[in-house]
Amino acid sequence: MLMTARSTLRPATDSAVVVRAPGRLHLGFLDPSATLGRRFGSLGLVIDDFDTVVALRRDARNHGEALHDGAAAQEALARATAHVATLQRAFGLDAPLHLQLLQLPPAHAGFGSGTQLALAVGRAFASLHGLSLATPEIARLLGRGLRSGVGIAGFDQGGLLLDGGTGDDGVPAPLLARLELPSAWRVLLVLDPQRQGLSGADERSAIATLPAFAQASAAAVCHEVLMRVLPGAASDDFTLFAEGVSAVQRLVGAHFAPAQGGQLYASPAVARLCEWIARHHVAATGQSSWGPTGFAILPSAAEADAVVAAARAAGMVEAALQLRTVGARAHGASIEVRPPLR
């Protein structure tokens with residue numbers, strides 16, 4: 001049985017609720033320094049890959065398992081089980097649960113893995129108990145969406161998303177615009193498994209020590225988003241869209257560069273490839289969040305294949321890099337109720 005992300009259907013006692021949450025790219029902040037009072041504001045894109053998949057069911061005792069080995073999976077399991085405990089306390093629902101992490105994207109790589117894990121666990125918990133919880137409320141309960149709102153909106157809807165930044169009330173940033181990218185467009189992802197982006201206390205410390213983002217820079221970012229990125233996506237004008245996204249990345253990347261050794265990219269290998277693509281092709285290029293994942297959005301799958309072939313022929317794809325071409329995702333998380341095991 002499939003349900004939407006807002007479903008409140010309570011499954012049979014022994015059934016498992018399985019939630020599949022999409023990965024997302026963070027394409028840039030509008031105003032990290034709140035020059036007009038609201039801080040951050042985000043542009044993001046939900047992609048059709050790098051999903052987070054969790055399963056939750058009632059059991060004789062509280063326990064969890066990750067169907068992946070390694071420290072990253074165990075870190076994710078610890079966070080997910082803590083989310084379950086937080087929700088049990090918040091609603092006084094202490095019946096024991098069995099949590100499984102069935103699929104995880106790379107951690108701290110720019111795919112919003114922490115937010116998607118929290119929202120997937122929260123949505124599974126709400127569905128299992130028949131709770132009518134909006135996704136922003138789940139995010140608030142679990143401490144997500146403190147800066148960007150695109151992961152929360154993307155969980156519900158997918159698409160190209162723009163949020164209006166955070167205020168002083170602790171409520172996740174409101175969604176201002178949502179568009180679907182033309183179906184032919186593709187995203188070439190450039191991954192460097194040997195590196196991780198900033199997260200947690202390191203991320204907070206980096207943001208706190210950065211210089212102020214000038215109001216003129218914030219105005220330029222907003223101008224690019226409103227007059228090139230969104231109109232380009234809405235009218236299938238790829239060049240307009242690509243120029244706007246790349247300009248946003250340069251402006252915002254320069255602001256965050258001091259926290260990345262003075263560079264726009266966290267990974268030198270990713271930087272070399274993405275900058276080579278930008279010089280030789282019409283593409284929207286940049287880094288998702290703190291990286292290290294870079295991206296090049298291209299007008300078709302054929303163009304993406306051609307770019308990869310040309311980059312390999314030019315010796316620009318270092319051995320450590322992983323390349324993957326994905327589509328944009330026009331819908332949010334899916335929820336499935338699996339019947340009890342017999």
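What share of the chain's 342 residues count as buried? Keep that in mind while you load the model, which is a predicted one.

**Stop 1: the whole chain.** Show everything as a cartoon. You should find nine helices and 14 strands. The radius of gyration is 20 Å, close to the 20 Å that the globule rule gives for 342 residues, so the chain is as compact as a globular protein of that length. Along its principal axes, the C-alpha trace spans about 60 × 45 × 40 Å. Now for the opening question: 52% of the residues count as buried.

**Stop 2: an open sheet.** Next, pick out four strands, which sit in the order β11-β12-β10-β13 and pair in the antiparallel sense. Colour residues 284-287 and 322-326: these are β11 and β13, the edge strands, and each pairs on one side only. From one strand to the next, the twist averages 15°.

Zoom in on residues 186-191, strand β10, which pairs with β13 over five bridges. Click V190 and then L323 in β13, its bridge partner. In general, strands of a sheet pair through backbone hydrogen bonds.

**Stop 3: a helix across the sheet.** Select residues 238-256. That's helix α7, lying across β11 and β12 and running at about 25° to β11. To see β12 as well, add residues 294-298.

**Stop 4: one residue inside.** Go to helix α2, residues 113-129, and find Q116. Is Q116 buried or exposed? Its relative accessibility is 2%, so Q116 counts as buried. To see what it touches, show A21, P22, T52, G151 and F155 as sticks; this list leaves out residues up to four places away in sequence.

Terms used
Residues numbered from 1 in each chain as written. Predicted model: local features only at pLDDT ≥ 70, side-chain atom pairs only at ≥ 80, totals over all residues. Heavy atoms only, no water. Pairing = 2+ DSSP bridges. Helix = DSSP H or I, 4+ residues; strand = E, 2+ residues; numbered from the N terminus. Axes fitted to C-alpha atoms, helices over the stretch in contact; angles between N-to-C directions. Contact = heavy atoms within 4.5 Å. Buried < 20%, exposed > 50% of the residue type's maximum accessible area, 1.4 Å probe, protein only. Rg over C-alpha atoms; globule rule 2.2 N^0.38 Å.
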